[in-house]
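Colleague: I have not seen this structure before. Please take me through it.

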Amino acid sequence: MSYKETLLDPIKIGTRECKNRFFVQAMECTDADADGNPTDLTYQRYENLYKGGWGLIDLEAISITQESRSRLAQLMIMEKNVPALTNFMKKLKEVNKDPLIVFQLTHSGELSNPKFSRRVTVMPSYSYGGDLLSEEEVDKIIDDFVLAAKIAHDVGADGIDMKLCHGYLGSQILRPFNSRKWKYGGSWENRRRFAFDLYERIAKEVNDKNFLIGSKISAWEGFPGGFGTEGPDSPILDLTEPLDLIKGLEERGAQYIVQSAGSPSITVTLTQAEKNYPYIAYLHPYFQKEFKKVLKPETVLIGSNYSVWGNGNKNLQMIDPKDNTMFKVGSHNIERGIVDMIGLGRQSFADPLLPKKLADGNEKDIHFCTLCDNCLELLIRQEHIGCCTYNKYYTNVLVNVRKEKGKLTQNHT
Ligand SMILES: Cc1cc2nc3c(=O)[nH]c(=O)nc-3n(C[C@H](O)[C@H](O)[C@H](O)COP(=O)(O)O)c2cc1C
């Protein structure tokens with residue numbers, strides 16, 4: 001099969017069908033209104049993705065409560081957001097009925113910003129403080145997640161991505177570092193309880209076989225005691241717990257898993273390989289291969305870190321230099337059976353119409369991500385986020401914020 005045929009081949013996910021193998025990674029863009037509702041700018045971004053005909057879209061991290069936000073203009077999903085989210089979904093489905101969309105439900109935990117949220121922690125770390133969560137508070141957070149899943153279902157989403165990655169609450173609980181002896185910590189059985197209980201409750205209470213459930217997982221956070229390490233004070237990679245986690249999620253109804261790595265506030269280049277250190281892209285297929293080995297064939301595995309290959313990255317080498325492209329590497333990994341879909345984050349900013357252009361034979365018109373990472377700078381600065389290279393609106397946002405506030409000094413929280 002040609003790479004085009006492989007990438008445009010439909011795939012079943014649960015009872016549903018993705019029209020192709022392109023997955024839009026969840027990408028926070030901090031452009032919600034004061035109530036956490038989508039604005040015209042939010043809508044425009046997703047409208048473009050719908051026009052682009054992606055197989056599956058992950059709606060950016062949407063906060064399940066007011067106090068669990070890491071960014072001021074983050075989307076929120078509570079009762080008060082139902083009318084706006086219903087309208088948002090209705091309009092998008094009218095643009096193109098084909099793409100499926102899952103909402104990435106999140107609680108920021110220790111990454112909640114104390115300026116406008118409540119910073120909480122399962123186990124205080126050197127980097128972050130926060131109020132120590134009690135068992136009752138975590139039980140309540142589970143209730144909030146279940147309610148958010150029901151809302152996602154009722155407003156017309158096709159499913160949810162129960163966020164368990166990148167250092168937000170879902171992954172903080174899983175870490176070996178969470179060695180505190182409590183219902184949700186210490187032994188692996190206790191640390192995985194939060195995720196497993198949540199899945200069981202959501203499956204039971206949403207109770208719709210056509211509603212997709214899955215999670216994005218950081219296979220290895222890459223610092224001592226992070227998820228995917230061998231112990232609370234060791235950085236050594238050990239996939240025993242991540243593999244047990246994804247098998248357990250599958251048993252509890254997960255129809256798809258998104259493989260990721262790292263925790264961007266600490267190990268950002270592990271999450272998204274960058275221009276100067278693109279080699280991390282060689283590590284991700286290893287996680288994909290190990291994940292795929294333990295999952296049932298019908299569970300869809302989505303891989304990360306494909307943007308960095310672009311339309312040929314001379315700093316990355318496959319055996320034949322002409323194969324150093326996102327399309328070739330992605331289709332090769334699909335054909336080898338190590339992954340089912342390829343996730344694109346920064347590339348989805350650079351060209352929201354990518355799948356359509358490929359399908360229509362307009363590959364030469366695709367804008368490839370330049371890995372400038374100015375979108376990341378906008379995220380850190382909590383400005384409206386998008387592609388500063390190909391979209392003038394965001395170029396201006398960047399120019400203006402640099403003029404107003406000077407060079408970036410803050411870290412990646
Ligand atoms: C501006 C920006 C926002 C992001 N927002 C999210 C998010 O909401 N949820 C998430 O899981 N990952 C988020 N990420 C990480 C991406 O989804 C993705 O995992 C990472 O960028 C690697 O993919 P890429 O190399 O294709 O960009 C974000 C990354 C960037 C640069």
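Colleague: Which residues does UniProt give for the feature "domain: NADH:flavin oxidoreductase/NADH oxidase N-terminal"?

Modeller: Keep in mind that the model is predicted. The feature comes from an unreviewed UniProt entry. In the model its span is 34% helix and 18% strand, with end C-alpha atoms 30 Å apart. UniProt places the feature at residues 7-222.

Colleague: Into which domains is the protein divided, and what distance separates their centres?

Modeller: The division gives domain 1, residues 3-369, and domain 2, residues 372-413. Taken over C-alpha atoms, the distance between the two centres is 23 Å.

Colleague: How many residues does each domain bring to the contact?

Modeller: A residue is counted here if its heavy atoms come within 4.5 Å of the other domain. Domain 2 supplies 15 residues and domain 1 supplies 22.

Colleague: What area do domain 1 and domain 2 bury between them, and which residues of domain 1 lose the most?

Modeller: The size of an interface is often given as the accessible area lost when the parts come together. Here that area is about 1600 Å², with 59% of it on carbon and sulfur atoms. On the side of domain 1, 30% of the buried area belongs to three residues that lose the most: L41, R71 and F349.

Colleague: Which side chains meet in a salt bridge at 3.1 Å?

Modeller: The rule finds one salt bridge across the interface of domain 1 and domain 2. It also finds six residue pairs in polar contact there. On the side of domain 1 that touches domain 2, the elements giving two or more residues are α2 (40-52), α9 (264-271) and α12 (346-350). The salt bridge at 3.1 Å, N to O, is between R346 and D373.

Colleague: How many residues apart are D35 and K80, and where does each lie?

Modeller: The count of salt bridges comes to 34. One of them joins the side chains of D35 and K80 at 3.6 Å, N to O. D35 lies in the loop between β3 (22-24) and α2, and K80 in the loop between β4 (56-63) and α3 (82-95). This pair links distant parts of the chain, 45 residues apart.

Conventions
Residues are numbered from 1 along each chain as its sequence is written. This is a predicted model: local features need pLDDT of at least 70, side-chain atom pairs count only at pLDDT 80 or more; totals for chains, interfaces and linings use all residues. Side-chain values use heavy atoms; hydrogens and water are left out. Domain bounds come from an automatic or database domain assignment. Buried area is the accessible area (1.4 Å probe) that two parts lose on being put together, summed over both. A salt bridge is a side-chain nitrogen of Lys or Arg within 4 Å of a carboxyl oxygen of Asp or Glu. A polar contact is a pair of N or O atoms within 3.5 Å; within protein, one must be able to donate a hydrogen and the other to accept it, and residues adjacent in sequence count only if both atoms are side-chain atoms. Helices (H or I, at least four residues) and strands (E, at least two) are DSSP runs, numbered from the N terminus. UniProt positions are given in the numbering used here, feature names are shortened, and annotations may be inferred rather than shown by experiment.
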